[in-house]
Structure formats: C-alpha cells, structure tokens
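Student: Please give me a close look at the charged side chains in this structure and how they pair. I would also like the surroundings set out in one connected account.

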Amino acid sequence: MVVEQIHREDALPLTARGYARDTLTLGWDDRLRVRGHRRSDGGVAFGLSLPRGTILRGGDCLVLDEAKAVIVVVERPEPVFLIEPRTPQEWGLFAYHIGNRHLPLMITEAAIVCSDVAGVEQLLEQQRIPFARATLAFTPATSVAHHHHHD
C-alpha cells in the first residue's frame, strides 16, 4: 500500500468517507520525509511516495483503499523555545538573528517559536533574547530546504 497524495478532511473521496480512522503522529523532521515506509499509530504499515517538497501538516488525510483506512496526520508536540517580543523593534531584531542562522521558525500571534536543537539556546543567550521553554507542535513559517543565497 503506497500513498501518493494528501487529502483534506472536507475533500476526502466519497469511497473513503466510511473507512476506519487511524492516526500518524509525527514531529517536524518526520513531516518533511514524504517518501519511505511508515507505520500508523494503530500499527498499519504503508509506504509514502508524495511529491518532493511536500510537508505533512496536522489534519492531512492519507487514504489507504486496500486497508479501508484513513490515516490522519497529527503534529507531535516537541521541545521548543518560545520568544515573546514586546515591541515591533524586538520582533524585527529577534527574527533577524534567528533567520540569519538559517534556523526554522514559527510565528504565532504573540511569539517566535524555534525548535530546541543544538546551538539555539547559545544564540538566544549571546544575543540576549529572552525565552522560555515549551512543548508545542512545531510547523515553521517556511521550509529552509530550498533556501539559496544569490551573489
């Protein structure tokens, strides 16, 4: 069983609407890997062969007609740094320092969120950027995979 496309809940094929439901809980890095073998939270094994550059997001539905199942993607909460700028200047400065290191970041109404990976805490401390630790589903604003500098 190989999944080659993603559906949204409100656009499931009619044949799939009565299928059993299962989930696939993935962190950010795993949601970038859209080719290869997977196993749903309920134990259903299947293959993924989605177009390159696809990012799995919470709520995406993978239809397995052979198993009569719809696997719904769940974004696993993971350790993050929560940065809450207080002024427009802080928003700009903090985002600049984080973006300058090519770190993926998520922007919410009240915060800049960075994955808790090696080097981030040191950067935040060096730049005197106040932060808190949290555990959230992390989906960056953009993928840095296709980032190129032009001279």
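Tutor: R76 counts as partly exposed, because its relative accessibility is 35%, and the range for that class runs from 20% to 50%. The model is a predicted one. D30 falls in the partly exposed class too, at 24% relative accessibility. The side chains of R76 and D30 form a salt bridge, with 4.0 Å from N to O. D30 belongs to helix α1 (residues 28–32), while R76 sits in the loop between β6 and β7 (77–83), so this salt bridge ties together parts that are 46 residues apart in sequence.

There are eight salt bridges in the structure. One of them pairs R21 with E9, whose closest N and O atoms are 2.9 Å apart. Because E9 is in the loop between β1 (2–3) and β2 and R21 is in strand β2, the pair links parts 12 residues apart in sequence. Relative accessibility is 42% for R21, which is therefore partly exposed; E9, at 41%, is likewise partly exposed.

A further salt bridge joins R133 to D116, with 3.4 Å between the closest N and O atoms. R133 is part of strand β10 (residues 132–137) and D116 is in the loop between β9 (112–115) and α3 (120–126), so the parts tied together are 17 residues apart in sequence. R133 has a relative accessible area of 48% and is partly exposed. D116 is partly exposed as well, at 31% relative accessibility. Returning to D30 and R76, these two residues are joined with R33 into one network by salt bridges that share partners.

E90 is an acidic residue with a contact of another kind. E90 lies in helix α2 (residues 88–100). Its relative accessible area is 16%, and the cut-off for burial is under 20%, so E90 is buried. The side chains of E90 and R86 are joined by a polar contact of 2.7 Å. Leaving out residues up to four places away in sequence, E90 touches P85 and A95.

Next come the strands. An open sheet is made of three strands in the order β1-β4-β3, with mixed pairing. β1 and β3 (35–39) are its edge strands, each paired on one side only. β3 and β4 run antiparallel and are joined by five bridges. G36 has L48 of β4 opposite it.

L48 also has a place in the nonpolar interior. The largest nonpolar core contains 13 residues, and V3, F46, L48, L56, L62 and I71 have the most contacts inside it. At least two residues of this core come from each of β2 (20–26), β4 (45–49), β5 (61–64) and β6 (69–75). The largest contribution is from β6, which supplies three residues. Setting aside residues up to four places away in sequence, V3 touches F46, G47, L48, S49, L50, L62, V63 and L64. Another core, of 12 residues, lies apart from this one, and F81, L105, C114 and L124 are among its members. In soluble globular proteins, nonpolar side chains tend to be buried together.

Conventions: Residues numbered from 1 in each chain as written. Predicted model: local features only at pLDDT ≥ 70, side-chain atom pairs only at ≥ 80, totals over all residues. Heavy atoms only, no water. Core = buried A, V, L, I, M, F, W, Y, C linked by side-chain atoms within 4.5 Å. Buried < 20%, exposed > 50% of the residue type's maximum accessible area, 1.4 Å probe, protein only. Helix = DSSP H or I, 4+ residues; strand = E, 2+ residues; numbered from the N terminus. Contact = heavy atoms within 4.5 Å. Polar contact = N/O pair within 3.5 Å; in protein donor to acceptor, adjacent residues only side chain to side chain. Pairing = 2+ DSSP bridges.
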